[in-house]
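Ready to work through a few exercises? Take a look at the sequence and the 3D view, then try each task before reading its solution.

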Amino acid sequence: MSFVGDLQTVLRGSGFRRLYATRLLSQAADGCFQVALGSYVFFDPSRSTTTEKAAAAFAVLLLPYSIVGPFAGVLLDRWSRQRVLVVVNLLRAAMVIGVAGLVVAGEAGAAFFAAALAVLSVNRFVLSALSAALPHVVDEDELVMGNSVSTTSGTVIAIIGGGVGLAVRELAGRDHGANALVMLTAAVIYAAASTAARTLPRDGLGPDADASRPETAEALKRVARGLIDGTRHIWQKRPAGYALAAIAAHRFFYGIGTIATVLLYRNYFANGRDDDGLGGLAVVVGAAGAGYLVAAVVTPWVTRRIRMETWIIALYLAAAVAELALGWQFTRLAIVGAAFLLGIVAQGAKICVDTLVQLYVDDAFRGRVFSLYDVLFNVAFVAAAGAGVLVLPTSGKSYLSVVLIAVGYAATGLAYRWAIRRLNNASTVEQPEHLASIRGW
């Protein structure tokens, strides 16, 4: 079935339609805000961007997810997920207006980063709530389609939102005022996302009742213990645990490539010309978005014929080949081509991992697990930033990084294949009923 066919199938449910609208508006605002943030942090002509500064900026902007994630999971397994989507989107609109004020003032110190961190941190509640809520608005046998449509459309609309932000920035003059105007545009879209979430029933997105879980106040005091329990739950659900490990490894290697690309367009390709590089980087992001869309079309079709785990392995091995074939050239065209292919890999793997987690993890744990998923995603990227300092020059051009990424993808794919084969041979995992007919190796 095509992407359009999948979309038509899942859109039959009114709950999905409303959740889908909330996701699209929310992630469009994310893209718009992130363009303004990236422009201000990485492409301000008055400030240089070195490998160390780029790595530090990524670390500062992503590490708070590691703190917020566990708390978000505890609360998402207790609070109405619909109310989270309503309140947090409205809160983000107000916070982004505050960040815009700091940009106009030219603030680039602790106050600015603290405000930006606050906006990005509460975003964890929204993305985790959207993922945890999906099984409540689609049937189990439509989860692959639901994830394919939701996550891919969300990513593509974020890129479109970024394109809108980029257009506003270009028209407004590329200065601090232009970045602030882009942020105000994002704030309006966040408010619209909050309004869309209000159309969902308050108790229609979970969490399911669980008499065994402690009171919220007690649970918050036991966050560390809760993380351990969540990790144990994932480990008991081995297909979900192995999938999370595989995508965390992907995020590490993808992160090194992302930092290298930012440096290439900021420093290597500009080469002293009157070009801030953001436009070229936007083309790369657009190519990746096209790859996401292709993955959304192909993945449901492929996973009806082979196992989701097999598809993840194939994607990672393909990523290794693509990196060696294109990453070695360090030309704009080759980077755009690599971004397209790795976009297919990234989104195809994510669709499968999201589905495996949703299928094998109990609903009472889904909020915590998806929050932990976000933590792994961002810790892996921060680790990539640290590795980038070691292997990437300020220009971003590094043959060593190309080899590291290619070998890393290949090793991850083969290790995941070994783990899944071992699990299948043990024959101890109870599979969801509708997966019984999917072929193995």
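**Getting started**

Of the 441 residues in the protein, 57% are buried (buried means under 20% relative accessible area, with a 1.4 Å probe and protein chains only). The model is predicted, with local features needing pLDDT of at least 70 and side-chain atom pairs pLDDT 80 or more, while totals for chains, interfaces and linings use all residues. Residues are numbered from 1 along each chain as its sequence is written, and side-chain values use heavy atoms, leaving out hydrogens and water.

**Exercise 1: The overall fold**

Find how many helices and strands there are in the protein.

*Solution.* Start with the count: there are 16 helices and zero strands. Both kinds are DSSP runs numbered from the N terminus, with helices being H or I of at least four residues and strands E of at least two. Next, look at the contacts (heavy atoms within 4.5 Å). Among those with a separation of 6 or more, 87% are between residues 24 or more positions apart.

**Exercise 2: Two packed helices**

Work out how α7 and α8 pack.

*Solution.* Two packed helices are described by the angle between their axes and the distance between the axes. Here, α7 (residues 143-172) and α8 (residues 176-197) make an angle of about 145°, and their axes are 8 Å apart. The axes are lines fitted to C-alpha atoms over the stretch in contact, and angles run from 0 to 180 degrees between N-to-C directions.

Now pick out the residues that touch. On the α7 side they are Gly165, Val168, Arg169 and Ala172, and they meet Ala178, Asn179, Leu181 and Val182 in α8. Sorted by class, this contact has five nonpolar, two polar and one charged residues. For the sorting, Ala, Val, Leu, Ile, Met, Phe, Trp, Tyr, Cys and Pro are nonpolar, Asp, Glu, Lys and Arg are charged, and the others, Gly among them, are polar.

**Exercise 3: Rings and the core**

Find where Phe253 and Tyr409 sit, and describe the aromatic pair they form.

*Solution.* Phe253 is in helix α11 (residues 238-268) and Tyr409 is in helix α16 (residues 399-426), 156 residues apart. Their rings are 6.0 Å centre to centre with 45° between the planes, which makes the pair tilted. The rule is that rings of Phe, Tyr and Trp (its six-membered ring) pair with centres within 6.5 Å; planes under 30 degrees apart are stacked, over 60 edge-to-face, and the rest tilted. Both Phe253 and Tyr409 are buried, and with Phe252 and Tyr316 they form one aromatic cluster.

Then step out to the largest nonpolar core, which has 136 residues. Such a core is a set of buried Ala, Val, Leu, Ile, Met, Phe, Trp, Tyr and Cys residues joined through side-chain atoms within 4.5 Å. Tyr316 and Tyr409 are among the residues with the most contacts inside it, and so is Phe33. The residues Phe33 touches, beyond four places in sequence, include Val96, Leu120, Met183 and Tyr190.

**Exercise 4: Loops and a polar residue**

Look for what stands out at Pro207 and Phe330, then check whether Asn147 is buried or exposed.

*Solution.* Pro207 lies in the loop between α8 and α9, and the peptide bond from Gly206 to Pro207 is cis, with omega near 10°. Phe330 sits in the loop between α13 and α14. Its phi is near 55°, a positive value in a residue other than glycine.

Finally, Asn147 belongs to helix α7. With a relative accessible area of 2%, Asn147 is buried. Its contacts beyond four places in sequence include Leu134, Ile351 and Asp354.

Technical notes:
Buried means under 20% relative accessible area, exposed over 50%, partly exposed in between (1.4 Å probe, protein chains only).
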